[in-house]
Amino acid sequence: MVNIQSLVNQERMTEEVTTFDESLQQLAKILIDTLHRTDGVGLSAPQIGRNERIAVIDFQDDRDPLVLVNPTLLKYYGKSVEMEGCLSYPGIYGEVERPEAIRIEAEDEYGKTFEITAEGFEARAILHEMDHLYGISFTQKIKTRVDAETFEEEEE
Ligand SMILES: [Zn+2]
């Protein structure tokens, strides 16, 4: 069992994955299992203390979890501002501006290259995880910060 770590003041650039072996496939599985113990939709290697450029996304619907190795942004369109939080920044929420729609290229845990298009909440979740892989904290992008109590009241 792995714990999710705080990344406050600890975000750093990950290393590009060049070997698609069993240990990478095991890491993808650990990330998915760890994500499933939370109510989050995405988790990246740095959040469990690893330095490989890999993140997983699961929208908790009938699609399989998405494994993103070495993801890169190909295109982006539009702008949207929505509330975000992060498993590695407990209690911190804020409005973050991101593109409305994206097209990315990535590899899966077996080294197969693919492209996907995402929009809205899904694009936001993918971009948030990609930021972790490039050492960028979502708190750097917060326009209006909301504390946990206020956020929870708004949710009710
Ligand atoms: Zn995060």
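This passage walks through the sheets, helices, core and annotated sites of the structure above.

The model is a predicted one, where local features need pLDDT of at least 70 and side-chain atom pairs count only at pLDDT 80 or more, while totals for chains, interfaces and linings use all residues. Residues are numbered from 1 along each chain as its sequence is written. Helices (H or I, at least four residues) and strands (E, at least two) are DSSP runs, numbered from the N terminus.

Let's start with the sheets. Two strands count as paired if DSSP finds at least two bridges between them. One open sheet has 5 strands with antiparallel pairing, and reading across it gives the order β1-β2-β3-β6-β7. At its edges sit β1 (42–44) and β7, each pairing on one side only. From one strand to the next, the twist averages 40°; angles like this one run from 0 to 180 degrees between N-to-C directions, and the axes are lines fitted to C-alpha atoms, for helices over the stretch in contact.

Two helices pack on this sheet. Here, two residues are in contact if their C-beta atoms, placed from the backbone, lie within 7 Å. Helix α1 (residues 22–36) touches β1, β2 (54–57) and β3 (66–77), and its direction makes about 40° with that of β2. Helix α2 also packs on the sheet, touching β1, β2, β3, β6 and β7, with its direction at about 155° to that of β2.

Inside the sheet, strand β6 (residues 101–107) and strand β7 (residues 113–119) run antiparallel and are joined by 7 bridges. Along this pair, I102 stands opposite A118, and I104 stands opposite I116. The two strands make a hairpin with 5 residues between them, and G111 in the turn takes a positive phi of about 90°.

There is also an open sheet of 3 strands, again with antiparallel pairing, in the order β4-β5-β8. The edge strands here are β4 (80–84) and β8 (142–147), each of which pairs on one side only. The twist in this sheet averages 20° from one strand to the next. Strand β5 (residues 92–98) pairs with β8 over 5 bridges, in the antiparallel sense, and E95 has T144 of β8 as its bridge partner.

Next comes helix α2 itself. With 14 residues, α2 reaches 20 Å from its first C-alpha to its last, close to the 20 Å expected at 1.5 Å a residue (the expected span is 1.5 Å times one less than the number of residues). A residue is called buried if 20 or more other C-beta atoms lie within 10 Å of its own, exposed if 12 or fewer, and partly exposed in between, with C-beta atoms placed from the backbone. On that count α2 is mostly covered, as 11 of its 14 residues are buried. Among them are A123, R124, I126 and M130. Just after the helix, G135 has a positive phi of about 75°.

What about the nonpolar core? The term means a set of buried Ala, Val, Leu, Ile, Met, Phe, Trp, Tyr and Cys residues joined through C-beta atoms within 7 Å. The largest such core has 29 residues, and those touching the most other members are L31, I54, A55, V56, I57, L68 and I126. At least two residues of this core come from each of α1, β2, β3, β6 and α2. Helix α2 supplies the largest share, 6 residues. In soluble globular proteins, nonpolar side chains tend to be buried together. Leaving aside neighbours within four places in sequence, L68 is in contact with I54, A55, I57, A106 and E129.

That last residue leads to the annotated sites. UniProt positions use the numbering given here, with feature names shortened, and annotations may be inferred rather than shown by experiment. An unreviewed UniProt entry places the feature "active site" at E129, which lies in helix α2 (residues 120–133). E129 counts as buried because it has 25 C-beta neighbours inside 10 Å. Beyond four places in sequence, its contacts are G42, S44, A55, I57 and L68.

For "binding site", UniProt (unreviewed entry) lists C86, H128 and H132. They span 47 residues in sequence, yet no two of their C-alpha atoms are more than 10.3 Å apart, so they gather at one spot. C86 sits in the loop between β4 and β5 and is buried, with 24 other C-beta atoms within 10 Å. H132 lies in helix α2 and is buried too, with 24 other C-beta atoms within 10 Å. Not counting residues up to four places away in sequence, H132 touches E11, S44, P46, Q47 and A55.
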